[in-house]
Amino acid sequence: MTDSEKLQWLADRQEIKETIYRYPAGVDTHDWKLFRSIFTDKIDILLSTAERAAGRPRQIVSADSFTRSADRLIAQVFSVTQHFLTIYKIDVRGDDATSLCYMQARHIPPKDRPTQPLWDVGGYYDFYLRRTAEGWKIWKYTLIVTWETNRPPDLKMDL
Amino acid sequence: MTDSEKLQWLFDREQVKEAVYLYPVSIDAHDWKLFRSIFTDEIDVLLTDAARADRPRQKVNADKFARMVDGVISSFRITQHFLTDYHIEVKGDDAICFCYMQARHFPPKDKPGQQIWDMGGHYTFHLKRTADGWKVPKYTLIMTWETGRPPDLAIDL
């Protein structure tokens with residue numbers, strides 16, 4: 001690689017990390033404008049437990065309505081959430097990139113449900129990104145939940 | 001440092017991280033070919049809890065070591081290793097990467113009464129620049145805490 005190629009490689013990786021880390025930052029601070037900004041207008045998603053992931057259909061959703069449903073799920077059902085992500089792999093090929101990211105998340109019950117246990121979740125994300133005029137955007141992603149403890153019985157999300 | 005040296009410094013650090021992060025990725029995915037590819041053919045290892053860290057290191061064949069780790073990890077239904085790189089030092093063709101770790105080990109389906117084994121500690125990975133990228137000839141795991149260790153664990157930590 002030439003110096004110029006190395007620099008581009010580093011800059012791309014750094015920008016991709018910035019885009020991805022806005023995902024937990026947006027969710028946990030309820031900054032839904034920030035959350036929405038990391039996606040293209042349509043996104044191709046699969047959010048699933050590992051057991052149910054095989055053969056399960058993916059969904060194409062509008063990023064606006066996806067953001068609203070994430071808001072409803074996170075802001076209205078838990079008092080606090082914390083998503084810990086570590087980016088383990090980034091592959092950039094021209095204007096496309098993929099990234100593997102580990103996740104552990106804690107979901108603290110709302111004030112009016114003091115006896116609901118903490119829902120803990122772990123797993124990984126596969127993010128697919130595209131270089132756009134506004135920087136790297138996620139157009140497709142997969143969440144695979146590999147373990148969880150104490151899922152609330154009335155969770156409004158079909159994982 | 002010249003600009004070109006700075007660039008190489010940044011580039012090496014990023015490549016070292018990538019090499020190290022294949023360790024948790026391959027273990028948790030049971031991708032033993034990928035796991036094996038992280039190491040040189042012979043590796044110098046010490047995997048221990050902090051209280052017993054003055055014990056002798058071991059030189060092992062990387063193929064055998066990968067099979068041993070497979071045996072330990074496959075005795076759990078699922079594992080998740082969380083690493084964060086805290087310190088990286090590159091000197092020419094040698095590097096050190098110091099990482100914090102927390103890991104969860106969930107019991108297999110046929111042992112539903114077994115507790116979740118949680119542990120934390122740190123790794124020191126030594127890496128060598130090779131034609132195939134950065135490889136690990138030596139590493140140390142120091143486990144500083146754990147809860148719920150299975151009584152029949154197949155590794156002497």
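How many bridges join β4(A) to strand β5 of chain A, and in which sense do the two run? The legends below, which describe a predicted model, take up this point among others.

**Figure 1. Pairing of β4(A) with β5(A).** The two strands run antiparallel, and 12 bridges join β4(A) to β5(A), the latter comprising residues 119-132 of chain A. Within this pairing, A:R106 is placed opposite A:D120 of β5(A).

**Figure 2. The hairpin of β3(A) and β4(A).** Strand β4(A) also pairs with β3(A), in the antiparallel sense and over 13 bridges. One of the bridge partners is A:Y102 in β4(A), which is matched with A:T86. The hairpin leaves 2 residues between its strands, and A:G94 in the turn has a positive phi of about 65°.

**Figure 3. Helix α1 of chain A.** This helix comprises residues 3-28 of chain A. Its 26 residues, at 1.5 Å a residue, should span 38 Å, and because the end C-alpha atoms lie 38 Å apart, the expected and computed values agree. Buried positions of α1(A) are A:R13, A:I16, A:I20, A:Y23, A:G26 and A:V27. After the helix comes A:H30, whose phi is positive, near 55°.

**Figure 4. Contacts between chain A and chain B.** Across the interface, 14 residues of chain A are in contact with 16 residues of chain B. On the chain A side, the elements giving two or more residues are α1, β3 (80-93), β4 (96-108) and β6 (135-149). Helix α1(A) supplies the largest share of that side, with 5 residues. Sorted by class, the side of chain A that touches chain B holds 6 nonpolar, 4 polar and 4 charged residues.

**Figure 5. Overall organisation of chain B.** Chain B contains 3 helices and 6 strands, and its elements follow the order α-α-β-β-α-β-β-β-β from the N terminus. A compact globule of 157 residues would have a radius of gyration near 15 Å; the value for chain B is 16 Å, which agrees. Along the principal axes, the C-alpha atoms of chain B fill a box of roughly 60 × 30 × 25 Å. Of its 157 residues, 22% count as buried. Among the contacts in chain B that link residues at least 6 apart in sequence, 57% join residues at least 24 apart.

**Figure 6. Helix α3 of chain B and its two sides.** For the 12 residues of this helix, residues 62-73, a rise of 1.5 Å a residue predicts a span of 16 Å, in agreement with the 16 Å between the end C-alpha atoms. Which residues of α3(B) are buried? They are B:A62, B:A66 and B:I73. These residues lie on the same side of α3(B), because they cover an arc of only 45° around the axis. An α-helix has 3.6 residues a turn, so residues three or four places apart point the same way. On the other side of α3(B), the exposed residues are B:K64, B:R67 and B:G71. The packing partners of the buried residues are α1 (3-28), α2 (32-37), β1 (39-49), β2 (58-61) and β3 (78-91) of chain B.

**Figure 7. The hairpin of β3(B) and β4(B).** Strand β3(B) pairs with β4 (residues 94-106) of chain B over 13 bridges in the antiparallel sense. Residue B:L83 stands across from B:M101, which belongs to β4(B). Between the strands of this hairpin there are 2 residues, and B:G92 adopts a positive phi near 60°.

How values were computed. Residues are numbered from 1 along each chain as its sequence is written. Chains are lettered from A and ligands numbered from 1 in the order in which they are written. This is a predicted model: local features need pLDDT of at least 70, side-chain atom pairs count only at pLDDT 80 or more; totals for chains, interfaces and linings use all residues. Helices (H or I, at least four residues) and strands (E, at least two) are DSSP runs, numbered from the N terminus. The expected span of a helix is 1.5 Å times one less than its number of residues. A residue is buried if 20 or more other C-beta atoms lie within 10 Å of its own, exposed if 12 or fewer, and partly exposed in between; C-beta atoms are placed from the backbone. The arc is that of the directions from the helix axis to the C-beta atoms. Two residues are in contact if their C-beta atoms, placed from the backbone, lie within 7 Å. The radius of gyration is taken over C-alpha atoms; the globule rule is 2.2 Å times the number of residues to the power 0.38. Ala, Val, Leu, Ile, Met, Phe, Trp, Tyr, Cys and Pro count as nonpolar, Asp, Glu, Lys and Arg as charged, and the others, Gly among them, as polar. Two strands pair if DSSP finds at least two bridges between them.
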